[in-house]
Structure formats: C-alpha cells, structure tokens
Amino acid sequence: MGILQTKIDFVAFIAVTMANPNGDPLNGNSPRTDYAGLGEISDVCIKRKIRNRMQDLGRAVFVQSDDRRSDGYTSLEARLTGVLGKLKAGISPDDYAKTVCETWLDTRAFGQVLALPKGKDDKKGLSIGIRGPVSIHQGVSISPVQVEDMQITKSVNGTDADGQRSSDTMGMKHFVRFGLYKIKGSINVQLAEKTGFTDEDAETLRECLRTLFVNDASAARPDGSMEVCRLYWFRHNCKEGQYSSAKVHRSVAAKPVDPDQIPACVEDYQFTLEPLEGLEPEIFDGI
C-alpha cells in the first residue's frame, strides 16, 4: 500500500466500569477529573496503549515501555544508536529522520524529538523534531463520573520484625464506578507524506483503536473493566477533507437515555450520528 492520500478522522467511545482509566500522579493516582467532575484520559496515556497494541500486532515501535521492551535496549538513545548508529558526516538531518520514520511505526505516526549523539570528537549532538500525522485529543467523559476510594491493607508481614503478622494500612485504591469517555483524533495527509505514513499504517492504527485494551489488564484495570464500545472511522475523499475535523467530531455524540438517572452502563446512553453529505463512517461495535 502507498502513502496515505485522503484525510481520516475518528471518534471512539470507551466504557470504564470499576476501574482507574488514567491516574493523576499529582492527586494520589486518583482518576483524572476536571472541575466539572468529567473524567479525563490524557492523550499520552492513549498513545501508550496504541503503541503497546502496535507491538502486539508485530510492528516495530521506538518508544517502548520498560515492561514491554522487545529488543534489549534500556533507553531511547541506546535504541536509536543501536539500530541506526551515530550520526555520520555527510548525512543530513532530514535523511536521518526519514530513516527513523521508515524503521518505527510510532515515529511516523505520532512524530518524535530525536536527540542524536555525534562522534567522539564532536562537542555536541543534534536534535531533530519530527511532526507526525496522527493527532489524538484527550478523552473526556460524557457525564460526570463517580470516583470512589477504597482503603487496602496487606495480609502478610513486609519484614520479620517482632515475628508477628501485622495488618498495616498499605494505601488507597481509586476507581471510577462507571464512565463513558469520548476520544477524538485525525490523520493529516500532508504530514503523512513527510513521514511516509501509509494506508497500511492507517489500518493498523484503526485495529489498535478497536482493540485498545487487549493485553492491558492490571490491578487498576481488571480484564473486562475497560472496552472500546464503538469506533467511528471517517475516510474523506480528498487530502484536505470534505469537512473540518471539528465538524466531523461534533457529528458523533452520546447522551443519557434518562437525564434524571446516573448512567451505570453503556446501554444507558444513546449514540447519535449527524449525517454529513458524502462522508459515511465505518462503525465498529466492540470486540
């Protein structure tokens, strides 16, 4: 498949049940919320999960989390120089950036700032910025979420002191009882041409979004507690798009079936799609 030639917009709805979708380290790792009580998931968190799924699908990824390292490199610098070598004389930064994009899918999708070490006789390295075609908004819940706290304790001794079992307080667990989050994103053709992002890459991204929480279970997110319940994939018929991304994203909405009741599951919401002439999305329901 060739370089992407038509703009793509997408909207995903994520259901969270008794889980912490994205903890805030400045607030005791409690689920992120805004001043109106709406739940939030950072775009960085979403991209991390997409990168994990890219790896699961067998695609090469530059920014790998420590628990998913597949090549033995312990830092981005080590991976960069280990795979591509140090910056050599006569090679332009643009050529180096092109090679990086050809090597790693997440770099040609999201972009990357590269810190390149030069040879031993050089006094400084070089920084190269790559703008990626895939942009993702932070996820925001449709309705305010109920954040609950649970105190947890340990059932065994941490040390042998006193030789007796203790039940000291270990900490707090925070979770959202239920929330439906909307995630929006786009793929820009002009930037895709610069990084070499292809139609095949776009299909991989779509599959990553559709299966975002496969192999993502943890104590904070038990298996089945988070799911992509619906994905709208809009492929325009031109590079600039028939409509603005903002209009496309607004055309997809979800609202509570009963405004007087606190939603407790996906079925408590009604999904709506405002028709846009000449632009029909592919719609995927869960997995």
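**Close-up views: H174, two positive phi values, a pocket and two cavities**

**View 1. H174 and its neighbours.** H174 sits in strand β10, which spans residues 169-187 (strands are DSSP runs of E with at least two residues, helices runs of H or I with at least four, numbered from the N terminus). The model shown here is predicted, so local features need pLDDT of at least 70 and side-chain atom pairs pLDDT 80 or more, while totals for chains, interfaces and linings use all residues. Residues are numbered from 1 along each chain as its sequence is written, and side-chain values use heavy atoms, with hydrogens and water left out. With a relative accessible area of 17%, H174 is buried (under 20%; exposed is over 50% and partly exposed in between, with a 1.4 Å probe and protein chains only). Follow the side chain of H174 to that of D149, and you find a polar contact of 2.6 Å (N or O atoms within 3.5 Å, a possible donor with a possible acceptor within protein; residues adjacent in sequence count only if both atoms are side-chain atoms). A polar atom of the H174 side chain also lies 3.2 Å from the backbone oxygen of G28. Leaving out residues up to four places away in sequence, H174 touches N20, G28, N29, S30, P31, E148 and D149 (heavy atoms within 4.5 Å).

**View 2. N29 and M18, two residues with positive phi.** Most residues other than glycine have a negative phi. N29 has a positive phi, near 65 degrees. Its place is the loop between β2 (23-24) and β3 (30-31), and N29 is among the residues that H174 touches. Because its relative accessibility is 42%, N29 counts as partly exposed. M18, in turn, has a positive phi near 50 degrees. M18 belongs to strand β1 (residues 8-19). At 38% relative accessibility, M18 is also classed as partly exposed.

**View 3. The largest pocket.** This pocket holds about 290 Å³ of space (on a 1 Å grid over the protein atoms alone, a pocket is an open set of points with protein on both sides within 12 Å along at least five of seven lines; a cavity is a set where a 1.4 Å probe fits but cannot get out; lining residues have an atom within 4 Å of a point). Its lining has 17 residues, and C45, R48, K49, D216 and R221 are the closest to its centre. Helix α1 (residues 43-56) gives the most to this lining, with four residues. By class, you will meet four nonpolar, seven polar and six charged residues here (Ala, Val, Leu, Ile, Met, Phe, Trp, Tyr, Cys and Pro are nonpolar, Asp, Glu, Lys and Arg charged, the others, Gly among them, polar).

**View 4. The largest cavity.** The whole structure has two cavities of 30 Å³ or more, and the largest has a volume of about 50 Å³. Strands β8 (139-144) and β10 are the elements that give two or more residues to its lining. Strand β10, the home of H174, gives the most, with three residues. The full lining is S143, P144, V145, Q146, F178, G179, L180, I262, P263 and Y269. Seven of these residues are nonpolar, three are polar and none is charged.

**View 5. The second largest cavity.** About 30 Å³ of space lies here. Around the second largest cavity you can pick out K49, N52, R53, D56, R68, L212, V214, N215 and D216. The classes in this lining are two nonpolar, two polar and five charged. Look again at K49 and D216, which line this cavity and are also among the residues closest to the centre of the largest pocket.

Key:
Points joined across faces, edges and corners; volume = space filled by probe spheres on them.
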